[in-house]
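This report describes a protein chain and its ligand. The text starts with a loop, then turns to the ligand site and the overall dimensions.

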Amino acid sequence: MDEKYQLSTLGVRAGQARTEFQEHAEALFLTSSFVFDNAAQAQARFVGGDPGVVYSRYTNPTVSMFQDRLAALEGAEACIGTASGMSAILAMAMSLLKSGDHIVCSAAVFGATVQLFNTYFGRFGVETTFVSPTRTDDWAKAAKPNTKLFFVETPSNPLTEVSDIPALAAIAKKAGALLAVDNVFCTPVLQRPLEMGADLVIHSATKHLDGQGRVLGGAVLGPARLVNEQMVPFLRTAGPSLSPFNAWVILKGLETLELRMRAQSAAALELARWLEGHRAVGRVFYPGLESHPQYALASRQQKAGGAVLSFEVKGGREAAWRLIDASKLISITANLGDVKTTITHPATTTHGRLSPEARAAAGITEGLVRVAVGLEAVADLQTDLESGLG
Ligand SMILES: Cc1ncc(COP(=O)(O)O)c(C=O)c1O
């Protein structure tokens with residue numbers, strides 16, 4: 001679809017491919033395989049001479065619609081859908097790296113990403129150096145002749161630290177490495193990393209892209225020479241493919257993405273300001289607050305602060321758990337990016353598998369609570385939190 005359309009239009013219209021029935025809503029192709037007219041056509045499809053579909057591990061028309069729509073939103077040449085956000089990171093890294101290669105990764109990425117790089121890629125001779133997401137010079141210092149990949153999540157989870165994407169892109173380029181940005185927190189509505197020089201964008205579609213906490217999914221976006229030529233063959237062979245049903249759900253989620261991101265960001269900002277003035281709360285971490293250390297950078301790089309904020313409750317783990325346990329409205333769940341507001345204690349859940357030292361280095365204290373703001377009335381969320389803050 002024509003890129004000149006605005007984001008809200010692309011979210012609703014891009015990528016749709018109608019069948020002979022001229023359905024208005026996107027069709028769900030719930031089928032694992034496709035039928036060939038004859039043996040010669042089957043052969044042509046397998047060797048690539050005929051572009052038609054073969055098998056849903058390779059491609060599926062509903063998955064293709066999702067991929068094309070998300071590519072339009074991110075301004076990407078190509079996109080692959082994957083079974084989850086983690087399998088997007090796995091597919092990207094498996095396609096690009098080999099034994100002896102080196103990754104420079106932000107120390108403030110999702111816990112499972114740290115495990116994946118350290119434990120599993122480490123087992124196959126890929127070394128990872130973790131660096132500060134905000135001390136840009138450290139990335140240049142950490143780069144080695146064998147560095148192939150820079151990986152960053154911005155804003156980070158759960159402390160919302162903001163990394164300078166154009167600066168990291170320049171350092172990666174100089175080092176001969178690719179920069180991949182996990183864009184889960186912002187989505188293309190608030191931040192388009194490829195326009196800022198990143199080579200690849202990663203999504204957990206499980207989060208805001210679906211937006212209603214229903215299915216797992218993921219995606220990698222970037223130039224066709226990387227995504228189509230390197231990652232698609234891995235996906236076809238190894239099989240962490242996106243299910244057509246999940247693709248259809250997320251495709252419909254993309255239609256309301258812009259509205260949701262704007263509304264949830266506005267609510268998060270209101271809540272962050274309220275928490276900042278609360279006597280039972282210490283620091284509040286939210287990129288839309290003037291007190292945020294990278295406020296200026298976030299204002300340049302993002303259209304709004306996003307839906308996720310975290311804050312330190314005075315009184316450590318006991319006070320944090322008391323707050324969480326008192327919530328009647330907000331859901332106690334580790335997921336984020338849902339229209340239902342969620343609350344979690346990172347030190348004992350999402351980041352619980354990290355060693356205490358690694359957790360302390362990442363700034364995840366015992367009193368830290370993360371709230372991923374949804375679409376409820378802000379006043380109701382405040383009442384709910386107030387009852388636990390005392
Ligand atoms: C920033 C970020 N990246 C990646 C993932 C992994 O996504 P998934 O759970 O879809 O595998 C998550 C999950 O919470 C996340 O928060």
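## The loop between β4 and α7

Pro158 belongs to the loop that runs between β4 and α7. The model is a predicted one. Pro155 is located in the loop bounded by β4 (147-153) and α7 (165-175), and Thr160 is also part of the loop between β4 and α7.

Backbone geometry at these positions deserves a note. The peptide bond that joins Thr154 to Pro155 is cis, and its omega is near -5 degrees. A cis peptide bond also leads from Asn157 to Pro158, here with omega near 5 degrees. Thr160 has a phi near 55 degrees, which is a positive value in a residue other than glycine. As a general rule, most peptide bonds are trans, and most residues other than glycine have a negative phi.

## The ligand site

Asn157, the residue that precedes Pro158 across a cis bond, is among the residues around the ligand. Glu153 is also one of the residues around the ligand, and the range given for β4, 147-153, ends at that number. The rest of the shell consists of Ser84, Gly85, Met86, Phe110, Asp182, Val184, Ser204, Thr206, Lys207 and Gly217. By type, the shell residues divide into 3 nonpolar, 6 polar and 3 charged.

Polar contacts to oxygen atoms of the ligand include the following.

| Residue | Protein atom | Distance to a ligand oxygen atom |
|---|---|---|
| Met86 | polar backbone atom | 2.8 Å |
| Ser204 | N or O atom in the side chain | 2.8 Å |
| Thr206 | polar side-chain atom | 2.6 Å |

Taken alone, the ligand exposes 390 Å², of which the protein buries 91%. The ligand sits in the largest pocket.

## The chain as a whole

The secondary structure of the protein chain amounts to 15 helices and 12 strands. Measured against what rule can its overall size be judged? For 390 residues, a compact globule would have a radius of gyration near 21 Å, and the protein chain agrees with this because its own value is 21 Å. Along the principal axes, the C-alpha trace of the protein chain spans about 75 × 50 × 35 Å.

Technical notes: Residues are numbered from 1 along each chain as its sequence is written. This is a predicted model: local features need pLDDT of at least 70, side-chain atom pairs count only at pLDDT 80 or more; totals for chains, interfaces and linings use all residues. Side-chain values use heavy atoms; hydrogens and water are left out. A residue is near a molecule or strand if one of its heavy atoms lies within 4 Å of it. A polar contact is a pair of N or O atoms within 3.5 Å; within protein, one must be able to donate a hydrogen and the other to accept it, and residues adjacent in sequence count only if both atoms are side-chain atoms. Accessible areas come from the Shrake-Rupley method with a 1.4 Å probe; for residues, only the protein chains shown count as cover. On a 1 Å grid over the protein atoms alone, a cavity is a set of points where a 1.4 Å probe fits but cannot get out, and a pocket is an open set with protein on both sides within 12 Å along at least five of seven lines; lining residues have an atom within 4 Å of a point. A molecule sits in a cavity or pocket if more than half of its atoms lie within 2 Å of its grid points. Ala, Val, Leu, Ile, Met, Phe, Trp, Tyr, Cys and Pro count as nonpolar, Asp, Glu, Lys and Arg as charged, and the others, Gly among them, as polar. Helices (H or I, at least four residues) and strands (E, at least two) are DSSP runs, numbered from the N terminus. The radius of gyration is taken over C-alpha atoms; the globule rule is 2.2 Å times the number of residues to the power 0.38.
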